Amino acid sequence: QVQLVESGGGLVQAGGSLRLSCAASGSGFSINAMGWYRQAPGKQRELVAAITSGGSTNYADSVKGRFTISRDNAKNTVHLQMNSLKPEDTAVYYCNLDATFTAGRYNWWGQGTQVTVSS
């Protein structure tokens, strides 16, 4: 069993910063990648940023240069530092875990954390 615990969402003014964190707990799996997705009202869920176990990163074009994803392998934790936030970054942000268990490879989702950027 895996549990993802997210923290760090909130309300911030445009131009401000927030830091999201997601900790994965459990046993019997190895992590392939962790990442953050977001879903705004009326829109599809989209990738924001992801980082593999080897440290390779991938960012949505809309956040490149403003957001930074990092990972603490020892703590199975991923962080998303969000700078220069814009109102269009407003969404529910979901942590994603791509992990391999003995039974196969699975994706897990966090419960989501709201990020609201006011203009």
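Which residues is Ser21 in contact with, leaving aside its neighbours within four places in sequence? The legends below take up this question after an overview of the fold.

**Figure 1. Overview of the predicted all-residue model, with 0 helices and 11 strands.** This is a predicted model, in which local features need pLDDT of at least 70 and side-chain atom pairs count only at pLDDT 80 or more, while totals for chains, interfaces and linings use all residues. Residues are numbered from 1 along each chain as its sequence is written, and side-chain values use heavy atoms, with hydrogens and water left out. Strands are DSSP runs of E with at least two residues, and helices are runs of H or I with at least four residues, numbered from the N terminus. The C-alpha trace spans about 45 × 25 × 20 Å along its principal axes. The radius of gyration, taken over C-alpha atoms, is 14 Å, which agrees with the value near 14 Å for a compact globule of 119 residues, the globule rule being 2.2 Å times the number of residues to the power 0.38. Buried residues, meaning those under 20% relative accessible area (exposed being over 50% and partly exposed in between, with a 1.4 Å probe and protein chains only), make up 42% of the 119 residues. Where contact means heavy atoms within 4.5 Å, 55% of the contacts between residues at least 6 apart in sequence join residues at least 24 apart.

**Figure 2. Close-up of Ser21 in strand β3 (residues 18-26).** Leaving aside neighbours within four places in sequence, Ser21 is in contact with Val5, Glu6, Ser7, Trp36, Val78 and His79. Ser21 is buried, with a relative accessible area of 15%. The side chains of Ser21 and His79 are also joined by a polar contact of 2.8 Å, a polar contact being a pair of N or O atoms within 3.5 Å of which, within protein, one must be able to donate a hydrogen and the other to accept it, with residues adjacent in sequence counting only if both atoms are side-chain atoms.

**Figure 3. Close-up of Val12 in strand β2 (residues 10-13).** Val12 is buried at a relative accessible area of 14%, and its contacts beyond four places in sequence are with Ser17, Leu18, Leu85, Thr116, Val117 and Ser118. Val12 and Ser53, 41 residues apart in sequence, lie 31 Å apart in space from C-alpha to C-alpha.

**Figure 4. Close-up of Arg66 in the loop between β6 (57-59) and β7 (67-72).** Arg66 has a relative accessible area of 10% and is therefore buried. The side chain of Arg66 reaches the backbone oxygen of Ser84 at 2.9 Å, and, not counting residues up to four places away in sequence, Arg66 touches Gln81, Met82, Asn83, Ser84, Leu85, Lys86 and Asp89.

**Figure 5. Close-up of two loop residues, Asn76 and Ser84, with positive phi.** Most residues other than glycine have a negative phi. Asn76, in the loop between β7 and β8 (77-82), has a positive phi of about 50 degrees although it is not a glycine, and is partly exposed, with a relative accessible area of 23%. Ser84, in the loop between β8 and β9 (91-101), likewise has a positive phi of about 50 degrees without being a glycine, and is partly exposed at 40% relative accessible area.
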